[in-house]
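Visitor: I would like to go through this model and hear the reasons behind the words used for it.
Guide: Then ask about one term at a time.

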Amino acid sequence: MPRGQFITFEGIDGSGKSTQVRRLTQTLETQGIEVVTTREPGGAPGAEEIRQLVLTGDPDRWSAETEILLFTAARRDHLEKTIQPALDAGRTVISDRFADSTRVYQGATRGDLRTKVDQLHEVMIGKEPDLTFIIDMDPATALQRGLARNSGEDRFEDFGLAFQETLRAGFLALANDFSDRCVLINGDRDPDTVAVDIADAYAARV
Ligand code: ADP
Ligand code: TYD
């Protein structure tokens, strides 16, 4: 059984991650690769229940510290029930967000909690992707795109534009810190052009 790859997409809200997860999945499936597409928070029944808790309600419903625990609990369930079984079966897993989101959203926006995020990750998750696409773009445009969806899961969008700008800087720093596995993609272009860039970067790396 060939070893499956673990690929993640990261970036600010509305940057086009879900769109590009679908596009890369289609591209790989036409190459005969078995893909499991998933997302965080969520990706397993218990983790999807936690998703409801963290993505709805007032922005100040949870502190950043409590969020670290909730997102990590959801991730542990996702890893046990969905990601690891798929990788063990030789499938490629593409996840819309993973631990890098916690490093940035909880670790670098409301004080410096990055050490706590990394410590909990090491103890309870201990897994990193093989390849991460970080979609970078102007936060104002991304915020408009995200809020226009009216998903009802806008707790983080409701923190506002300055928060999204802090997130963008956090993801750029992360791309630099983990340059071995991260590829930075300009998301401020039409979806077809972005998809071609991602497929090319995939082919060059995998
Ligand atoms: P994310 O998963 O990062 O929040 P989505 O893929 O859901 O982003 O995209 C957010 C919204 O923007 C959707 O309505 C989607 O159709 C639209 N969109 C996605 N990619 C692009 C793009 N490259 N240019 C313009 N609109 C886009
Ligand atoms: P997502 O559904 O990808 O939202 P969007 O489509 O707006 O990008 O992710 C849900 C939200 O959860 C998003 O605002 C980011 C946030 N989040 C964290 O704060 N920490 C995490 O660890 C994860 C996985 C997501």
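## Reasons behind the terms

Guide: In this predicted model, strand 1 (residues 6-11) and strand 4 (residues 131-136) pair in the parallel sense over five bridges.

Visitor: What makes strand 1 and strand 4 a pair?

Guide: Two strands pair if there are at least two bridges between them. Strand 1 and strand 4 have five bridges, so by that cut-off they count as paired. Within this pairing, isoleucine 134 in strand 4 is the bridge partner of glutamate 10.

Visitor: In what order do the five strands of the open sheet lie?

Guide: The order is 2-3-1-4-5, and the pairing is parallel.

Visitor: Why do strand 2 and strand 5 stand at the edges?

Guide: Strand 2 (35-39) and strand 5 (182-186) each have a single partner strand, so one side of each has no neighbour in the sheet. On average, neighbouring strands of this sheet are turned by 20° against each other, direction ignored. Helix 8 (residues 191-205) packs on the sheet and touches strand 1, strand 4 and strand 5. The direction of helix 8 makes about 160° with that of strand 5.

Visitor: How do you know how helix 3 and helix 4 are oriented to each other?

Guide: The axes of helix 3 (residues 64-88) and helix 4 (residues 99-106) cross at roughly 175° and come within 10 Å. Angles over 145 degrees count as roughly antiparallel, and helix 3 and helix 4 are therefore described that way. Ala64, Glu67, Ile68, Phe71 and Arg75 in helix 3 meet Ala99, Thr102 and Gln106 in helix 4. By class, this contact of helix 3 with helix 4 has four nonpolar, two polar and two charged residues.

Visitor: Why is helix 3 given another description when set against helix 5?

Guide: Helix 3 and helix 5 (residues 114-124) pack at an angle of about 25°, with their axes 11 Å apart. An angle under 35 degrees counts as roughly parallel, so helix 3 is roughly parallel to helix 5. The contact joins Ile68, Leu69, Thr72 and Arg76 of helix 3 to Val117, Leu120 and Met124 of helix 5. Its residues divide into five nonpolar, one polar and one charged.

Visitor: Is glutamine 5 buried or exposed, and how do you know?

Guide: Glutamine 5, in the segment before strand 1, has a relative accessible area of 17%. Buried means under 20%, so glutamine 5 is buried. Not counting residues up to four places away in sequence, glutamine 5 touches Leu87, Arg91, Thr92, Val93, Asp130 and Val206.

Visitor: Why is glycine 111 called partly exposed?

Guide: Glycine 111 sits in the loop between helix 4 and helix 5. Its relative accessible area is 48%. Exposed means over 50% and buried under 20%, with partly exposed in between, so glycine 111 takes the middle term.

Visitor: What is said of phi in arginine 97 and asparagine 150?

Guide: Arginine 97 has a positive phi of about 80° although it is not a glycine. Asparagine 150, also a residue other than glycine, has a positive phi near 50°.

Visitor: Which of the terms buried and exposed belongs to arginine 97, and which to asparagine 150?

Guide: Arginine 97, in the loop between strand 3 (92-96) and helix 4, counts as buried at 12% relative accessibility. Asparagine 150, in the loop between helix 6 (139-148) and helix 7 (161-177), is exposed, with a relative accessible area of 66%.

Note on methods. Residues are numbered from 1 along each chain as its sequence is written. Chains are lettered from A and ligands numbered from 1 in the order in which they are written. This is a predicted model: local features need pLDDT of at least 70, side-chain atom pairs count only at pLDDT 80 or more; totals for chains, interfaces and linings use all residues. Side-chain values use heavy atoms; hydrogens and water are left out. Axes are lines fitted to C-alpha atoms, for helices over the stretch in contact, and angles run from 0 to 180 degrees between N-to-C directions. Helices (H or I, at least four residues) and strands (E, at least two) are DSSP runs, numbered from the N terminus. Angles under 35 degrees count as roughly parallel, over 145 as roughly antiparallel, 65 to 115 as roughly perpendicular and the rest as oblique. Contact means heavy atoms within 4.5 Å. Ala, Val, Leu, Ile, Met, Phe, Trp, Tyr, Cys and Pro count as nonpolar, Asp, Glu, Lys and Arg as charged, and the others, Gly among them, as polar. Buried means under 20% relative accessible area, exposed over 50%, partly exposed in between (1.4 Å probe, protein chains only).
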